[in-house]
Amino acid sequence: MFSSTHSPNPDDFERQSNEFATWLLSRPGVTVNSKIRIADLRGNAAGRGVGKFFSTRTSFPSSKPLVIAVTQSDVVEGEELFTIPRDLVLSTHNSKLKGLLQQDLEELGPWLSLMLVMIYEYLQGDASTWAPYFRILPQSFDTLMFWSPGELAELQGSAVVEKIGRRGAEKSILDSIVPVVQSHPSLFPPVGGLSSYDGDAGALALLHLAHIMGSLIMAYAFDVEKPENEDERDGEDGYLTDEEEEQSSKGMVPLADMLNADADRNNARLFQEEESLIMKAIKPIRAGEEILNDYGEIPRADLLRRYGYVTENYAPYDVIELSLEALCSSAGLSDSNIENQPWLQFLEELELLDDGYAIPRPSLDDALTNILPEELALLLKTFTLTPEQLATQQQKQKPPNPSFGQDEAKILFDAILLSQQRYNTTVEQDREFLAQLSHLEASAPLDGSARRRKMAIQVRLGEKEIFEIVKAMINNHLANAENTSTSKRSANDDGDDSRRSKAQRT
């Protein structure tokens, strides 16, 4: 299933779709609203989906062929679209593997434990409960984990490249997944003509398979809450995004992952109840409209990293990221080593120091001080403290009151200039590149390399636009501060003249 990057032939495609639908509807507890259905959407570059396709969307996540769901007749707000029982969720809790190993799977953490379970279930072939589900999952990915070095070079300058974490992911897999598989050969049948998973060849095969499963989890899995009657259990790598995600329980929910997502038009949401997961309409959906889930307010860089596609609807959530190193350099510090900088040591002791700071895309009515993260404003203020002022704050064990004057603004402006130097192209060049690719795309679909290049340009161009907007806001802030200062000086001068005139009159 995962040995080929080519699309299945038409007969296989239809057969696998039908097998999946038959399997799903035969499972106890599964219900599917009669207004939706699984459909073949290959003619619309979208693979399989639920219902008939009427959307005008032009960009789909190629790593996620099960993406479209549309209604055949009107759906009212609150109407159930489908129900998936909890025992059909592919998870560490439901897999037989948990009872076949001596170790507690949850010790691996939510990502690695699900990755191991999915490897196990996949290798069981038709013996797995989820065999029909595996057969309709994607075979290739556009997520950044699978981009070549040359393709990733198109993202040079974007902080998202540092978040891919392929090296860290592979270390976690080699340290935690491979030893378990190698020590239980009866549970994990070899693939690809291998006699076993021992040795370098076996480890590489497992590494590839683990990357596939990790990417499926990244693009498909849901955070699955534990039912209230389930005992709480105590509780890595490049597939993680934040601390909350590290702690959540992950599960693959068949059918729920067919839904595409949209930042503005989402009209459905997965509700988690005691015995089942229920997809419900959260607003009225007219016949022919696409059923859309929501990934949340994430920038296009993370949309590309996690799901393998880009859409303009997520552009309002784009961000720029300023590294601690760039901010330190702009503040005149020789380096960003915490041990060498008392200003950084002070914030680190108060647990108020970050490696980087994200600034969101401003809206038209945003003030500069409103878009700056509180931690960034605090860092900028701390940089402006004299050694004596810093010592006073250290004695109080309290951070200074954040303010944003000319000194802070100049540090921020210089940090932005440094960050912009990471990019190899200008805004104008990127717009021209996009125009050329759009012209080509108008006559024929872009090939894989060109498609990835286009998405990279969209990401980096969005970031560059934010840099320019924030720079303009800083310049306005400095100009207003200068005008205010000039007005105060003028008022003081006028007051002095008035006082002198009064003294002369007396």
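# Exposure, salt bridges and strands

User: Why is Asp126 called exposed?

Analyst: Asp126 has a relative accessible area of 64%, and exposed means over 50%, buried under 20% and partly exposed in between (1.4 Å probe, protein chains only), so Asp126 counts as exposed. This is a predicted model, in which local features need pLDDT of at least 70 and side-chain atom pairs count only at pLDDT 80 or more, while totals for chains, interfaces and linings use all residues. Residues are numbered from 1 along each chain as its sequence is written, and side-chain values use heavy atoms, with hydrogens and water left out.

User: What makes the contact between Arg135 and Asp126 a salt bridge?

Analyst: The N to O distance between the side chains of Arg135 and Asp126 is 2.7 Å, and a salt bridge asks for a side-chain nitrogen of Lys or Arg within 4 Å of a carboxyl oxygen of Asp or Glu, so the pair qualifies. Arg135 is partly exposed, with a relative accessible area of 21%. The structure holds 26 salt bridges.

User: How do you know whether Glu273 and Lys280 are buried or partly exposed?

Analyst: Glu273 has 36% relative accessibility and therefore counts as partly exposed, whereas Lys280, with a relative accessible area of 19%, is buried. Glu273 and Lys280 form a salt bridge, the closest N and O atoms being 3.6 Å apart.

User: What parts of the chain does the salt bridge between Arg300 and Asp318 tie together?

Analyst: In this salt bridge the closest N and O atoms of Arg300 and Asp318 are 2.6 Å apart. Arg300 lies in helix α8 (residues 300-307) and Asp318 in the loop between α8 and β12 (319-323), so the pair ties together parts that are 18 residues apart in sequence. Helices (H or I, at least four residues) and strands (E, at least two) are DSSP runs, numbered from the N terminus. Both Arg300 and Asp318 are buried, and a network of salt bridges links them with Glu312, Arg361, Arg431 and Glu465.

User: Why is the group that includes Asp354 called a negative surface patch?

Analyst: The group consists of Glu348, Glu349, Glu351, Asp354, Asp355, Glu374 and Glu375, and Asp and Glu count as negative. A patch of this kind takes residues with over 30% relative accessible area and no salt bridge, joining like charges within 9 Å, with each charge placed at CG of Asp or CD of Glu. Asp354, in the loop between α10 and β13 (356-360), has a relative accessible area of 33%, so Asp354 passes the area cut-off. Helices α10 (342-349) and α12 (374-383) each supply at least two residues of the patch.

User: How do you know that β5 and β10 pair?

Analyst: Two strands pair if DSSP finds at least two bridges between them, and β5 (residues 80-85) and β10 (residues 276-281) share five in the antiparallel sense, so they count as paired. In this pairing Phe82 stands opposite Met279 in β10. Both strands belong to an open antiparallel sheet of four strands in the order β1-β5-β10-β9, where β1 (31-32) and β9 (268-272) are the edge strands, each pairing on one side only.

User: What makes both faces of β11 count as covered?

Analyst: In β11 (residues 290-293), Glu290 and Leu292 on one side and Ile291 and Asn293 on the other are all buried. Strand β8 (residues 260-261) pairs with β11 in the parallel sense over two bridges, and Ala261 stands opposite Asn293.

Terms used. Patch = residues over 30% accessible without salt bridge, like charges linked within 9 Å, V, L, I, M, F, W, Y side chains within 5 Å. Areas by Shrake-Rupley, 256 points an atom, 1.4 Å probe, with all protein chains shown as cover.
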